Amino acid sequence: MSKIVERAVAIQLTEYLSANDLLPSLQSAYRKRHSTETAFLRVWSDILEAADEQRVTVLAMLDLSSAFDCVGHTILLRRLQFCAGLTDVVLEWISSFLGRTQQIE
């Protein structure tokens, strides 16, 4: 049941962030019709454009696949409060969710 609730909250939060233009314009994660493929195509397009204009291009790759594990919960909650405008019950629910661990049976 908790997975269903989590999914519903994720959908509502993503829609709220998108509707209020709170996501960076070039962010591909957690957005409809955006994927690693669209991100790659954007980068490839920028590289080709730079080559056409005879500009030097440098590409640095950074793997952030485990970055969420390093984000402090307090910092995340404050960002959600001050940057996204989330308050009270929503922040409390997210806070309780962040403290959970997965049970292996």
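**Helices, salt bridges and a pocket**

Trainee: How do you know that helix α1 has the span it should?

Mentor: Helix α1 covers residues 2-19, 18 residues in total, and at 1.5 Å a residue it should span 26 Å; its end C-alpha atoms are 25 Å apart, so the two agree. The expected span is 1.5 Å times one less than the number of residues. Helices here are DSSP runs (H or I, at least four residues), numbered from the N terminus. Bear in mind that this is a predicted model, where local features need pLDDT of at least 70, side-chain atom pairs count only at pLDDT 80 or more, and totals for chains, interfaces and linings use all residues. Residues are numbered from 1 along each chain as its sequence is written, and side-chain values use heavy atoms, with hydrogens and water left out.

Trainee: And what makes the span of α2 agree?

Mentor: Its 17 residues, 36-52, should span 24 Å at 1.5 Å a residue, and the end C-alpha atoms are 24 Å apart, so that agrees. Just after α2, Q54 takes a positive phi of about 55°.

Trainee: Why is the pair K3 and E6 called a salt bridge?

Mentor: The cut-off is a side-chain nitrogen of Lys or Arg within 4 Å of a carboxyl oxygen of Asp or Glu. K3 and E6 meet at 3.8 Å, N to O, so the pair counts. They sit three residues apart in helix α1, which means about one helical turn between them. An α-helix has 3.6 residues a turn, so residues three or four places apart point the same way.

Trainee: Is K3 buried or exposed, and what about E6?

Mentor: Buried means under 20% relative accessible area, exposed over 50%, and partly exposed in between (1.4 Å probe, protein chains only). K3 has 58%, so K3 is exposed; E6 has 19%, so E6 is buried.

Trainee: How many salt bridges does the structure hold?

Mentor: Three. Among them is D46 with R42, whose closest N and O atoms are 3.3 Å apart. D46 and R42 are four residues apart in helix α2, so about one helical turn separates them. D46 has 35% relative accessibility, so D46 is partly exposed, and R42 has 44%, so R42 is partly exposed too. R55 also forms a salt bridge, with E53, the closest N and O atoms being 3.3 Å apart.

Trainee: What makes R55 partly exposed?

Mentor: Its relative accessibility is 46%, and that lies between the 20% and 50% limits. E53, at 44%, counts as partly exposed as well.

Conventions: Helix = DSSP H or I, 4+ residues; strand = E, 2+ residues; numbered from the N terminus.
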